[in-house]
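Please look through the sequence and the model below before reading on. The paragraphs that follow lead from one helix outward to its surroundings, and then to the other chains and the contacts between them.

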Amino acid sequence: MVQFFSDVLIRTVDLALIAVGLSCVYSLIRFPNIALVQYAVAGSFLALLLQGAGLPLPVAGLLACLLVGGLAVLLNVTVFERLLASGSAIAMVGSLAVTMILSAVFLVVFGPDSRRFDLDSHPVIRVLDARLTVHQLTAVGLTAGAVIVLALLLFRTTLGRSMRATATNRVLAAATGIDARLITNTVVFLSGVLAALGGIGLALKGEMNIQLGMDVLLPVFAAAILGGLGNALGAVAGAVIIATAETLVTNVNLGPLVGEPLLFLPASYATAMSFLILVAALLVRPHGLFVNEVKRV
Amino acid sequence: MFEFLIHVSTMACLFGLLALSLNLQVGFAGLVNFGHIALFGCGTYGAAIAFANQWGPVAGLLLGGAAAALLALAFARLGRNLGADYWGIATLSIAEILRTFATNEQWLTGGAQGIHGLPMLFGSLPAPWGPLATLGLCAVLLAVCWALCQRLVNGRYGLALKLLREEPQLASSLGYDLAALRRTPLVISGLIAAVAGFLFAHYTTFVGPDQLYSAETFLIWSMLIVGGLGNNLGAVAGAFLMQFLLAYVPFVKDALGLPSEFVAAMRLTLVGGGLLAFLLWRTQGLIPERIGGRHA
Amino acid sequence: MLETILSTESIRKSFGAHCVLDGVSLSVRKGEIVGLLGPNGSGKSTLLNILSGFTPSDGGAVNVDGHDVTGLPPHAIARLGLVRTFQLPSMPHRMTVREVLQAGCRREAGLGGALRRWRYDAEVARLLDQFLLTRVQDQPASALSGGQKKLLSIATALRSRPKLLCLDEPTAGVHPNLRSRMVELLKEVNAQGVTILVVEHDMEFIRELCGRCVVLDRGALIADCAPRELVENPRVVEAYLGKAVEKGKLTA
């Protein structure tokens with residue numbers, strides 16, 4: 001049972017930060033940005049490069065996050081702002097194109113093989129009954145820390161108030177002297193940082209490869225949509241739900257249902273489960289489960 | 001070299017069918033479908049499952065068509081209360097679920113290895129004539145589907161679709177049932193994609209889940225955006241252009257002595273770069289949608 | 001002429017705690033031109049949205065031409081003969097004016113053949129002419145001026161042969177010259193047998209056009225009379241002038 005909860009926790013950590021980044025930026029720029037998952041891959045690879053250049057990992061990670069934040073702003077200003085003028089669907093297709101181009105860059109620069117951070121190997125430790133590695137615990141700590149910092153930023157600072165004001169009513173916020181474009185790009189920067197941090201967290205616990213982004217794409221979207229796109233902290237709840245469902249699917253013995261002693265679904269059905277939840281959530285509540293948005297006539 | 005040319009042309013015709021069918025959804029009805037490859041998959045697996053169970057190719061075509069029509073109806077149902085971008089994500093998810101299913105359900109689909117050994121179309125003809133006849137058949141079907149799509153979108157019905165695409169609220173205030181109006185192009189598009197899938201299965205003689213990656217959907221998207229959304233000729237032109245460009249990438253690699261990653265990276269760059277360049281600088285594509293003119 | 005084409009029975013609607021319509025009952029007879037008036041926020045547009053099926057009501061019933069349409073989707077109500085226009089008509093970018101007008105008619109050509117096609121074309125040409133759109137027929141519909149968009153939306157609505165045409169502020173933002181032409185146009189349309197319900201702010205317009213008007217204030221019907229009797233109705237005077245007096249005080 002404890003192992004189950006720790007599995008859920010680890011999977012939540014995989015998804016949470018990228019989903020929070022996606023959700024954050026959606027509150028200001030109304031289209032689902034697919035390229036965000038590639039920012040996560042970029043973050044982990046940049047951290048790897050910088051570590052290879054001789055920086056200690058924490059410094060390399062921090063620098064990578066800032067660089068990816070910058071990349072996110074750059075892409076937003078040069079590409080997405082322009083595409084969004086033609087509609088959210090066009091912008092989404094554009095983000096898909098950016099995703100493919102980034103994939104090509106990763107492939108050329110880093111090659112198709114999986115890589116790892118240069119880390120000391122630690123023995124597996126037992127917390128209660130669950131087996132965890134130090135690196136997994138670090139990733140959990142990083143995620144929790146980042147979410148708390150983000151929550152403080154959103155709800156305790158002037159910047160956070162301006163962000164929420166702009167998200168609620170851009171025109172009104174602009175009238176009170178808020179520079180909407182500056183705020184938007186700040187949030188874009190933040191989303192890039194969050195995604196990169198999420199990617200580094202993913203890579204800390206195992207390997208990184210260029211497929212990482214596409215692998216987490218739909219689970220991350222599922223978490224963000226379940227949490228109500230635009231609701232940053234809802235995305236964390238969404239990630240918990242998705243992680244629980246995925247873990248349940250592969251850990252429950254379906255044998256008794258079909259009259260056999262043991263029947264487990266293949267592991268790849270875990271992600272399929274999150275897609276299924278995504279579709280179901282979209283069917284039931286088009287705007288996510290934690291947002292009460294009145295549809296305009 | 002000649003054989004290769006015939007091969008690329010055949011593939012271009014098949015992708016031309018897929019581009020036409022996606023154009024019906026995206027270009028005319030404004031339905032942002034990111035799971036289009038699943039409709040194609042209905043066609044390939046219809047052929048493969050009928051072959052594995054020895055039901056014959058006609059049953060395979062019917063099976064594929066029926067599955068694609070059902071899937072299209074499911075897509076349509078899902079679209080009833082979703083915005084365009086959400087619907088895109090939902091269709092992408094469904095395509096991925098189906099691919100996962102195809103990978104894991106060995107008993108039905110042959111699992112990750114897929115189903116091998118489907119009979120070639122015109123397999124009995126001698127060397128250059130078999131592939132040529134296949135190309136001819138694909139080209140004829142492409143022409144037929146093109147004519148069908150033209151007929152569909154050039155009449156009053158096409159205008160209704162365009163009105164739905166641009167001003168759904170106005171369309172429904174005039175008495176158009178949006179759900180029904182969306183259903184028809186989706187089903188027709190699904191059937192065309194299933195035919196393409198059936199032909200593809202009997203052309204390559206192998207059906208597997210790796211043919212159904214979402215990257216294929218995105219490839220079809222790039223054909224549409226490059227060729228011209230909302231223009232049937234543009235869709236077909238885009239399919240030929242992209243297919244020929246991609247087919248010659250390996251030759252460039254060999255000529256320049258580049259590593260094998262280059263091929264994959266170049267394909268991604270062509271598809272992604274083509275999409276992005278046209279979205280940014282020539283949104284209407286190579287052959288823009290026709291606006292105005294006479295309608296029957 | 002006295003047959004009822006539209007009747008509503010105690011329509012109620014709240015947005016959250018805010019009650020917008022509090023039991024509105026009204027009826028429109030065939031062949032009438034009825035004005036629906038009221039100060040800003042009195043619930044006129046919401047009522048129109050409920051009649052046409054775009055907003056669900058919280059209670060009450062709507063009857064169009066003998067059919068209970070409560071809860072029906074917009075397209076079903078439109079098919080029963082109630083067709084509406086929008087206050088800010090938004091028109092497609094990639095369709096010409098003529099194409100929008102052609103798309104306005106839902107009936108499929110099907111078996112009709114050349115004769116029917118010719119008649120449809122003739123109708124489109126006549127409407128283009130009648131609504132002063134012939135000159136701009138090949139322009140993208142979204143490029144029209146606000147007033148022209150309103151004309152186009154009325155013309156398009158007419159193509160689906162409505163029995164009852166509901167107009168949402170047809171003169172708001174329209175050039176004064178066009179405004180007087182609009183009165184003539186709507187009278188012509190009415191003379192051809194189309195009943196009209198028009199939501200308006202402009203009293204002058206209502207006086208010229210309507211035979212009867214109903215006044216909404218804070219979600220309730222406060223008057224149902226001929227336009228010229230409005231000024232004698234103390235509740236209407238209070239609803240409008242009360243505010244005007246307050247405004248006067250504020251600006252003074």
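What span should the 23 residues of helix 3 of chain B have at 1.5 Å a residue, and how far apart are its end C-alpha atoms? In this predicted model, helix 3 covers residues 57-79 of chain B, and because each residue should contribute 1.5 Å, the expected span is 33 Å, which agrees with the 33 Å between its end C-alpha atoms. The buried residues of helix 3 of chain B include several glycines, namely B:Gly60, B:Gly64, B:Gly65 and B:Gly79, and with them are buried B:Leu61, B:Leu63 and B:Leu71, the alanines B:Ala67, B:Ala68, B:Ala72 and B:Ala76, and B:Phe75. Among the elements of chain B that cover these buried residues are helix 2 (36-52), helix 4 and helix 9 (178-204).

Helix 4 of chain B leads on to the contact between chain B and chain A, which takes 34 residues from chain B and 36 residues from chain A. On the side of chain B that touches chain A, at least two residues each are supplied by helix 4 (84-104), helix 10 (214-227) and helix 13 (261-281) of chain B, and the largest share, 14 residues, comes from helix 4 of chain B. Sorted by class, this side of chain B consists of 20 nonpolar, eleven polar and three charged residues.

Across that contact lies chain A, which has twelve helices and two strands. Read along the sequence, chain A runs α-α-α-α-β-β-α-α-α-α-α-α-α-α. For its 297 residues a compact globule would have a radius of gyration near 19 Å, and the 19 Å of chain A therefore agrees with that expectation, while the C-alpha trace of chain A spans about 65 × 55 × 35 Å along its principal axes. Buried residues account for 48% of the 297 residues in chain A, and of the contacts in chain A with a separation of 6 or more, 74% are between residues 24 or more positions apart.

Chain B also touches chain C, in a contact that takes 20 residues from chain B and 28 residues from chain C. On the side of chain C that touches chain B, the elements giving two or more residues are helix 2 (74-79), strand 7 (82-84), helix 3 (97-103) and helix 5 (146-159) of chain C, and by class this side has eleven nonpolar, nine polar and eight charged residues.

Chain C itself has eight helices and eleven strands; 42% of its 252 residues are buried, and among its contacts between residues at least 6 apart in sequence, 66% join residues at least 24 apart.

Which residues of strand 9 of chain C point one way, and which the other way? C:Thr195, C:Leu197 and C:Val199 point one way and C:Ile196 and C:Val198 the other, and all are buried, in keeping with the count of five buried residues out of five for strand 9 (residues 195-199) of chain C. Strand 9 of chain C runs parallel to strand 4 (residues 33-37) of chain C, with four bridges joining them, and it also runs parallel to strand 8 (residues 164-168) of chain C, with five bridges. C:Ile196 takes part in both pairings, standing opposite C:Ile33 and serving as the bridge partner of C:Leu165. Finally, strand 8, helix 6 (residues 176-191) and strand 9 of chain C make a right-handed β-α-β unit.

Methods:
Residues are numbered from 1 along each chain as its sequence is written. Chains are lettered from A and ligands numbered from 1 in the order in which they are written. This is a predicted model: local features need pLDDT of at least 70, side-chain atom pairs count only at pLDDT 80 or more; totals for chains, interfaces and linings use all residues. Two residues are in contact if their C-beta atoms, placed from the backbone, lie within 7 Å. Ala, Val, Leu, Ile, Met, Phe, Trp, Tyr, Cys and Pro count as nonpolar, Asp, Glu, Lys and Arg as charged, and the others, Gly among them, as polar. A residue is buried if 20 or more other C-beta atoms lie within 10 Å of its own, exposed if 12 or fewer, and partly exposed in between; C-beta atoms are placed from the backbone. The expected span of a helix is 1.5 Å times one less than its number of residues. Two strands pair if DSSP finds at least two bridges between them. A crossover is right-handed if, with the strands pointing away from the viewer, the path from the first strand over the helix to the second runs clockwise. The radius of gyration is taken over C-alpha atoms; the globule rule is 2.2 Å times the number of residues to the power 0.38.
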